Amino acid sequence: MLPSQPLLHGAVLALAALQTLASDTFIAAVYEHAVILPDATYKPVSPDNALALMNKNMDVLEGAIKEAAQQGAHIIVTPEDGIYGWRFTRESIYPYLEDIPDPSVNWIPCTDPTRFAPAPVQERLSCMARNNSIYVVANIGDKKPCNSSDPRCPRDGRYQYNTDVVFDPEGKLVARYHKYNLFMSETQFNYPKEPEAITFETPFGRFGIFTCFDVLFHEPAVVLVSELQVDTVLFPTAWMNVLPFLTAVEFHSAWAMGMGVNFLAANTHRTSKSMTGSGIYAPDRARKYYYNMKTEDGHLLIAELDSHPHLSPASPPAVNWSLYASSVKRFSPDDHDFEGLIFHDRFTFTELTKHEGSLTVCQKDLCCHLSYEMAGKQEDEVYVLGAFDGLHVVEGQYYLQICTLLKCKSTDLNTCGQPVETAQTEFEMISLSGTFGTNYVFPEVLYSEVQLAPGEFEVLNDGRFVSKTRPTKPVVTVTLFGRWYAKDPQQPPFP
């Protein structure tokens, strides 16, 4: 006797669930989206016009979601601002916002769209997840009414939040995150009253989520990994690249390695704002990444990851970041040290004048040590070893300790630290270390033409960042980017 069709379907689903539960890996996808922007206006458009613009973007995202699902992806991350863009004032963004409930309400907008206030965007995202049996991560805007009984209530009677949402393969809302560290231009949004540490469980590990600028701060980024032990971080972003250390693919891959987690970074794509750079990163290397400043196309990335990377044999060992550097003497005197600016931070530099050797440069409590051998130094290229130990105060206030080997823009030492994307000098060997006062250090390598070096460098447990084999491309920078969170200024209460 053959089983009925519903019973057979149920058995297939149960078997698939068991297979997923038994799997040590999963397939991840991120989509870099060339966002369709609204017209710049200070006046709010009608709700219908706002939804029409958002549906244009969701049409594109839906195509990427379908393609990812067809290739076996279990989850897809889409970018910050990916549904409505960023040309807004506080008033003009209002028609694009929806009231997003707490996920504890156990809601599937696709099958129950009228349960809460009108939410066509949440309904459509939920249906994309449900119809394609995939987790969908998106960034939208949340609105919450308030009144005079709340002393923090804005004058217009509502809170507006930059918000990430996650829908599971049934279309259920399983996570909602309000961005805590707003970028300086995000005046259309409010700060949440308290930082949120949002996690959710999946058959392939514990996931956490935060947004863009959050990655540079202790809350929520470090809390999710160090205290809540997530396996994978979801990261919608609208990242404007800043060479030499804060290019998206470079810093995001370094963060995954430094924190020992999977990192799924989906960026918006807008070359006029230097927005590009998405990736699927594991602690040992970048699995897939994309950086394109030449065209305005979106791009889908798909790669396999370990469900529990801290249990993987490839997971990097625990590191004492100052062990080696604290045990060695200065490799060189400071007679030829000079100062230069990188992104408004005043570094101390020393020049690499020979084809090979060992150098030291110090600033405050940080001494950076470099051993190197060049394959053949180009006479028209200058490299320096640099150190920075201090408070960065431009687009936010956070304390940095940085050791870097980098190429100068020209042979004029005054250009050292200015943005550079190309190089010709190749190295046989590089070893970089520093006397860091923090355990949060992120190792970066950037080759010529903004290329990463997956698997070509490793961190030793004594804090040395070394080339495993001869680097395969000319080097723009090799950097240890340290964040000393305990020295960050105390943040004032948010209004």
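**Two domains and one gathering spot: a walk through the model**

The C-alpha centres of domain 1 and domain 2 lie 32 Å apart. That's my way in today, and before I go on: what you're looking at is a predicted model. Domain 1 covers residues 25-311, and domain 2 covers 322-487. So how many residues of domain 1 are in contact with domain 2? There are 28 of them, and they meet 31 residues on the domain 2 side.

Okay, let's start with the active site. The UniProt entry, which is unreviewed, lists three residues under "active site": Glu 80, Lys 179 and Cys 212. These three span 133 residues in sequence, and yet no two of their C-alpha atoms are more than 10.4 Å apart, so they gather at one spot.

Take Glu 80. You'll find Glu 80 in the loop that goes from strand E2, residues 75-77, to helix H3, residues 120-132. Buried or exposed, what do you think Glu 80 is? Glu 80 is buried, and its relative accessible area is just 2%. If you skip the neighbours within four places in sequence, Glu 80 has quite a list of contacts, including Asn 139, Asn 162, Glu 186, Thr 211, Pro 236, Thr 237 and Thr 268. Also on that list are Lys 179 and Cys 212, and those are the other two residues in the UniProt annotation.

Now over to Lys 179. Lys 179 sits in a loop too, this one between strand E5 at 173-178 and strand E6 at 198-202. Lys 179 is buried as well, with a relative accessible area of 2%. And which side chain does the side chain of Lys 179 join in a polar contact? That would be Glu 80, at 3.0 Å. Again leaving out neighbours within four places in sequence, Lys 179 is in contact with Cys 212, Phe 213 and Asp 214, among others. Asn 162, Glu 186 and Thr 211 are among its contacts too, and those three names also turn up among the contacts of Glu 80.

Next, the sheets. One is an open sheet of six strands, and if you read across it, the order goes E5-E4-E3-E2-E1-E12, with mixed pairing. At the edges stand E5 and strand E12, residues 299-306; each has a single partner strand, so one side of each is left without a neighbour in the sheet. From one strand to the next, the twist averages 35 degrees. If you want a pair to zoom in on, try E2 and strand E3, residues 135-145: they run parallel and are joined by three bridges. Val 77 is a handy marker here, since its bridge partner in E3 is Val 137.

There's another open sheet of six strands, this time antiparallel, with the order E13-E14-E17-E18-E23-E20. Its edge strands are E13 at 338-342 and E20 at 441-447, and each of them pairs on one side only. Neighbouring strands here are turned against each other by 20 degrees on average, ignoring direction. How many bridges hold E20 and E23 together? Seven, with E23 running over residues 475-483 and the pairing antiparallel. One bridge to look at links Val 441 with Gly 482 in E23. Then there's helix H5, residues 248-259, which packs on this sheet and touches E20 and E23; its direction makes about 140 degrees with that of E20.

H5 shows up again with helix H4, residues 218-227. Pro 220, Ala 221, Val 222, Val 223, Leu 224 and Val 225 are buried in H4. What covers them? The cover includes E5, E6, strand E7 at 205-209, strand E8 at 232-237, and H5. After H4 comes Gln 229, which has a positive phi, near 55 degrees.

Last stop, Thr 435. Thr 435 is in the loop between strand E19, residues 426-434, and E20. With a relative accessible area of 16%, Thr 435 counts as buried, because the cut-off is under 20%. Its side chain reaches the backbone oxygen of Asp 365 at 3.1 Å. A polar atom of that side chain also lies 2.8 Å from the backbone nitrogen of Cys 367. Beyond its neighbours within four places in sequence, Thr 435 is in contact with Leu 366 too, and with Ser 322, Ala 325 and Ser 326, among others.

That's my tour, thanks for listening!

Technical notes:
Residues numbered from 1 in each chain as written. Predicted model: local features only at pLDDT ≥ 70, side-chain atom pairs only at ≥ 80, totals over all residues. Heavy atoms only, no water. UniProt positions renumbered as here; feature names shortened; annotations may be inferred. Helix = DSSP H or I, 4+ residues; strand = E, 2+ residues; numbered from the N terminus. Buried < 20%, exposed > 50% of the residue type's maximum accessible area, 1.4 Å probe, protein only. Contact = heavy atoms within 4.5 Å. Polar contact = N/O pair within 3.5 Å; in protein donor to acceptor, adjacent residues only side chain to side chain. Pairing = 2+ DSSP bridges. Axes fitted to C-alpha atoms, helices over the stretch in contact; angles between N-to-C directions. Domains from an automatic or database assignment.
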